Amino acid sequence: MKIQIKNNNIHFNYLSKAFANITFDDRCAVIELIKVAPQFRGDKIGTNLLQTMIKYIQNNLKGVKEVTLSPLPLDPFGLKMEQLVSFYEKNNFKKVENPPIDKPYMMALSI
């Protein structure tokens, strides 16, 4: 796993099979993107990447108490919206009540 930090942005690269970006401030980390290459989907790489990201946040971003994200399907061959929401729910994210109007499917994880 390659991890690059620049300013308040963290980029994760999982053996060039998947990548992700996080932005953060003093209290919250936002998962901006998780993308698994099509030929590696279904191999638990997305789950492993997400869990690694959460552990990284817990161990290195001490003031951060919440991780948020807004699931959006990125391509027609990836997970559909319902599948994305289910994936994050299985990883302990909860739907945010009264989310911002521009992020209707916002989810959060308290850490």
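**Strands, helices and how they earn their labels**

Mentor: Let's start in the middle of things: T68 sits opposite A108 in β7. Keep in mind that this is a predicted model.

Trainee: What else stands opposite A108 in β7?

Mentor: K94 does. So A108 in β7 faces T68 and K94.

Trainee: How do you know that β5 and β7 pair?

Mentor: Set the count against the cut-off: two strands pair if there are at least two bridges between them. β5 and β7 have four bridges, and they run antiparallel, so they count as a pair. β6 and β7 have two bridges, also antiparallel, so they qualify too, as the rule asks for at least two.

Trainee: What makes β1 and β2 a pair, and how do they run?

Mentor: Five bridges join β1 to β2 (residues 9–14), and the two run antiparallel. With at least two bridges required, they therefore pair. In β2, I3 has F12 as its bridge partner, and K6 has N9.

Trainee: What lies between β1 and β2 in the hairpin?

Mentor: Two residues. N7 is in that turn, and its phi is positive, about 55°.

Trainee: Why is β1 called hardly covered?

Mentor: Check it against the burial cut-off, which is under 20% relative accessible area. In β1 (residues 2–6), zero of the five residues count as buried.

Trainee: In what order do the seven strands form the open sheet?

Mentor: The order is β1-β2-β3-β4-β5-β7-β6, and the pairing is mixed. β1 and β6 are the edge strands.

Trainee: What makes them edge strands?

Mentor: Each pairs on one side only.

Trainee: Which strands does α1 touch as it packs on the sheet?

Mentor: α1 touches β1, β2, β3 (18–24), β4, β5 and β7, and its direction makes about 160° with that of β4. α2 packs on the sheet as well, touching β4, β5, β6 and β7; its direction makes about 5° with that of β7.

Trainee: Which residues of α2 are buried?

Mentor: M81, L84, V85, F87 and Y88, in a helix covering residues 81–90.

Trainee: How do you know that they are on the same side of α2?

Mentor: They cover an arc of only 155° around the axis, which puts them on the same side. The general idea helps here: an α-helix has 3.6 residues a turn, so residues three or four places apart point the same way.

Trainee: What covers the buried residues of α2?

Mentor: The cover includes β4 (28–36), α1 (45–60), β5 (66–69), β6 (94–95) and β7 (107–110). The face turned away from the buried side carries E82 and K90, both exposed. After α2 comes N92, with a positive phi near 75°.

Trainee: Zooming out, how do you know that the chain agrees with a compact globule?

Mentor: Put the radius of gyration next to the expectation: with 111 residues a compact globule would have one near 13 Å, and the chain has 13 Å, which agrees. The C-alpha trace spans about 35 × 35 × 20 Å along its principal axes. Of the 111 residues, 37% count as buried.

Trainee: And how many helices and strands does the secondary structure come to?

Mentor: Two helices and seven strands, running β-β-β-β-α-β-α-β-β from the N terminus. One more for your notes: among contacts with a separation of 6 or more, 48% are between residues 24 or more positions apart.

Key. Residues are numbered from 1 along each chain as its sequence is written. This is a predicted model: local features need pLDDT of at least 70, side-chain atom pairs count only at pLDDT 80 or more; totals for chains, interfaces and linings use all residues. Side-chain values use heavy atoms; hydrogens and water are left out. Buried means under 20% relative accessible area, exposed over 50%, partly exposed in between (1.4 Å probe, protein chains only). The arc is that of the directions from the helix axis to the C-beta atoms. Contact means heavy atoms within 4.5 Å. The radius of gyration is taken over C-alpha atoms; the globule rule is 2.2 Å times the number of residues to the power 0.38. Axes are lines fitted to C-alpha atoms, for helices over the stretch in contact, and angles run from 0 to 180 degrees between N-to-C directions.
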